[in-house]
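The following exercises are to be worked with the sequence and the coordinates at hand. Each task is followed by a solution in steps.

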Amino acid sequence: MKLYCLSGHPTLPCNVLKFKSTTIMLDCGLDTTSVLNFLPLPLVHSPRLSKLPSWVSKDGAVNLEKELKECAGRVFVDSQPEFCLPEKELLDLSTIDVILISNYHCMMALPYITEHTGFTGTVYATEPTLQIGRLLMEELVNFMERVPKAQAATCWKNKEIQRMLPGPLKDAVDVWTWKRSYSMQEVNSALSKVQLVGYSQKVELFGAVQVSPLSSGYSLGSSNWIIQSHHEKVSYVSGSSLLTTHPQPMDQSSLKNSDVLILTGLTQMPTANPDGMLAEFCSNLAMTIRAGGNVLVPCYSSGVIYDLLECLYQFIDNASLGTTPFYFISPVANSSLEFSQIFAEWLCHNKQSKVYLPEPPFPHAELIQTNKLKHYPSIHGDFSSDFRQPCVVFTGHPSLRFGDVVHFMELWGKSSLNTIIFTEPDFSYLDALAPYQPLAMKCVYCPIDTRLNFHQVSKLLKEVQPLHVVCPEQYTQPPLSQSHRSDLMLELQPPPMPYRRCSVLNLPFRRRYERIYILPELANSLVPSEIKPGISVATVSAVLHSKDNKHTLQSVPKPPPAPPSKKRKRVMEEPPVVQAPKPLLSGAVPLEAFLATLKKHGITEVKVEETADGHILHLQAEDTLIQLEEDGTHIVCDNNEPLRTSLRDLVLRFLQKL
């Protein structure tokens with residue numbers, strides 16, 4: 001069993017498991033942190049960005065004035081943002097049989113895998129994962145296509161040139177493999193390969209293994225996966241949460257008795273408490289609005305935004321913000337808000353029960369009805385006529401490199417009355433803000449990450465007790481910024497097996513057993529004989545038939561009758577005799593009883609030598625050796641066949657014939 005790691009980002013995983021002749025890809029996350037190296041894409045012409053000076057190396061040797069710009073001491077690529085894809089050279093991706101998706105954030109690289117590698121398999125995901133994943137991909141394509149860049153920067157990717165660039169560009173991984181966004185056509189083609197599954201549904205893969213999704217408690221439809229054969233079980237735990245938010249709670253009990261547990265997608269903010277961050281979010285928002293400023297919340301169009309809106313719903317009236325407009329701007333804003341209300345069976349029990357009242361499960365429906373929350377596909381059109389300040393705007397993308405958020409950064413960045421509140425933990429907020437410096441607006445960092453922290457995961461692993469744990473190497477050491485915090489790492493016995501981008505791990509257990517079926521008529525012909533009280537054994541001669549990884553024992557076919565030949569046969573010719581199989585022997589030869597039997601038969605001079613596997617008997621007068629071992633008996637006797645035969649018969653007295 002092998003595990004190939006194709007992504008170095010622990011919360012955007014992409015791994016491939018080879019197990020029992022099947023090749024299974026576990027998630028295909030797209031590492032979007034690469035976009036932080038690019039300049040933002042403004043929706044309208046930005047004089048500030050267009051006047052940024054070009055970067056030239058101190059010695060003048062590297063001059064990429066059309067490609068690299070400098071802003072507040074940092075260097076950025078002036079081109080369409082590009083993404084760091086999962087590693088494609090480690091193994092042939094066309095051999096992948098299935099892709100298992102655990103949540104909608106972990107499927108953003110799907111079109112790169114399914115459309116450009118010769119992939120012909122099936123993708124399995126739950127319905128909310130598919131539908132919200134489609135929205136996030138559609139939004140990404142829309143953000144990129146509505147602000148196309150004329151030129152593409154490629155020279156800076158040359159290995160020799162990249163080495164001379166300032167950090168972080170110098171240290172970026174595999175830049176020559178970075179790719180621009182896919183098209184909507186590729187998204188539709190990739191998603192047409194998805195087959196929908198429900199929690200605990202068992203899916204057979206070629207008769208070899210069975211896969212089954214379990215609720216992971218992190219987002220709508222998010223799953224952990226069980227991959228098992230008749231005798232082995234692998235659990236894949238990615239992006240899970242034990243907090244009571246809107247999704248169904250995590251199914252922990254089904255993870256028990258795993259031979260290997262592959263763990264990834266833990267919280268990126270192990271020291272930040274989500275409830276504390278929500279409270280801080282609300283208080284900073286209220287403070288800014290009261291002071292007459294605007295609040296900008298860069299966020300994804302699904303996920304944490306539902307919790308933010310729910311929190312604000314309870315907070316608005318208490319904080320006297322009833323007249324403040326809340327705007328949600330995204331090409332998929334309307335679909336996202338509606339989808340969250342219709343996936344009732346994927347919600348926690350509390351929200352499910354509201355559907356039968358009937359009441360919308362999420363309170364943002366009421367915010368929309370009362371006109372407190374308005375949603376728009378973009379800043380053009382209706383939004384520009386409805387826009388009132390001070391206001392709160394939720395919009396994407398959290399990297400601040402593309403989407404409507406770029407416009408608000410340019411619009412509000414120069415006033416210290418305004419505040420930007422970061423809630424998504426995927427990007428360093430300092431890196432996100434770098435191309436907007438110098439910035440007057442206030443910045444608040446309230447990262448809300450509900451995924452498992454190290455304390456929760458240690459408790460979970462104690463309960464489910466897998467034999468082996470495999471995890472990204474980042475989890476086996478404390479974070480660089482807090483190297484003294486040994487509680488911010490996984491400490492297990494035996495220690496977890498770490499992996500990094502491009503590692504190939506041989507997983508530490510061997511398949512020992514295979515299930516074989518026996519046909520009724522063959523089973524009927526077996527004659528068991530008891531070898532120990534309660535244990536019976538029967539010998540079987542059969543043909544092993546294997547198809548679709550199912551193995552069956554069938555009766556040996558009888559030879560067909562010989563066709564009558566034209567030649568005259570001898571009358572006395574008889575059919576060939578089929579010899580009965582030799583009996584199998586079982587049992588052990590007890591040393592003392594065997595020596596006594598030899599004595600009875602006149603063999604007295606016996607020297608006994610103990611070995612690691614049994615005993616050697618040296619019959620000195622007869623110049624013969626007898627080796628008595630657990631799994632065999634050998635008689636070494638030169639040129640004395642009668643003696644060898646009689647010794648053999650004495651040994652056989654102690655063994656049972658089957």
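A disulfide is here a pair of cysteine sulfur atoms within 2.5 Å. The model under study is a predicted one.

**Exercise 1. Determine how many disulfides the structure contains, and explain why Cys5 is in none.**

Solution.
Step 1. A search of the whole structure gives 0 disulfides.
Step 2. For Cys5, the closest cysteine sulfur belongs to Cys502, at 7.6 Å; because this is too far for a bond, the two are not linked.
Step 3. Cys391 is likewise in no disulfide, and its nearest cysteine sulfur, in Cys299, is 14 Å away.
Step 4. Burial can be added to the description: Cys5 has a relative accessible area of 1% and is buried, and Cys391, at 0% relative accessibility, is buried as well.

**Exercise 2. Establish the strand order of the open sheet that contains β1, and state which strands form its edges.**

Solution.
Step 1. The open sheet consists of 7 strands, with mixed pairing, in the order β8-β7-β6-β3-β2-β1-β22.
Step 2. The edge strands are β8 (194-196) and β22 (504-506), each of which pairs on one side only.
Step 3. From one strand to the next, the twist averages 25°.
Step 4. At the β22 edge, β1 (residues 2-5) pairs with β22 in the antiparallel sense over 3 bridges. Within this pairing, Tyr4 has Val504 of β22 as its bridge partner.

**Exercise 3. Describe the surroundings of Ser503 and decide whether it is buried or exposed.**

Solution.
Step 1. Ser503 is located in the loop between β21 (497-499) and β22.
Step 2. Residues under 20% relative accessible area are classed as buried. Ser503 has 14% relative accessibility and therefore counts as buried.
Step 3. The Ser503 side chain reaches the backbone oxygen of Arg500 at 2.4 Å.
Step 4. Leaving aside residues up to four places away in sequence, Ser503 touches Leu3, Tyr4, Cys5 and Leu90. Two of the residues named earlier thus recur: Tyr4 and Cys5.

**Exercise 4. Identify the pairing partners of β12 and describe how its side chains are directed.**

Solution.
Step 1. Strands of a sheet pair through backbone hydrogen bonds, either parallel or antiparallel.
Step 2. β11 (residues 223-228) pairs with β12 in the antiparallel sense over 4 bridges; the two strands form a hairpin with 4 residues between them.
Step 3. β12 also pairs with β13, in the parallel sense and over 5 bridges.
Step 4. Val234 of β12 stands opposite Ile227, and Val234 also stands opposite Val260 in β13.
Step 5. In a regular strand the side chains alternate between the two faces of the sheet. In β12, Lys233, Ser235 and Val237 point one way, whereas Val234, Tyr236 and Ser238 point the other way.
Step 6. The strand is mostly covered, with 6 of its 6 residues buried.

**Exercise 5. Find which polar contacts the side chain of Ser258 makes.**

Solution.
Step 1. Ser258 lies in the loop between β12 (233-238) and β13 (260-264), and at 2% relative accessibility it counts as buried.
Step 2. The side chains of Ser258 and Ser235 are joined by a polar contact of 2.6 Å.
Step 3. The Ser258 side chain also reaches the backbone oxygen of Leu255, at 2.7 Å.
Step 4. With residues up to four places away in sequence not counted, Ser258 touches Lys233, Ser235, Gln465, Pro466 and Leu467.

Terms used. Residues numbered from 1 in each chain as written. Predicted model: local features only at pLDDT ≥ 70, side-chain atom pairs only at ≥ 80, totals over all residues. Heavy atoms only, no water. Pairing = 2+ DSSP bridges. Axes fitted to C-alpha atoms, helices over the stretch in contact; angles between N-to-C directions. Buried < 20%, exposed > 50% of the residue type's maximum accessible area, 1.4 Å probe, protein only. Polar contact = N/O pair within 3.5 Å; in protein donor to acceptor, adjacent residues only side chain to side chain. Contact = heavy atoms within 4.5 Å.
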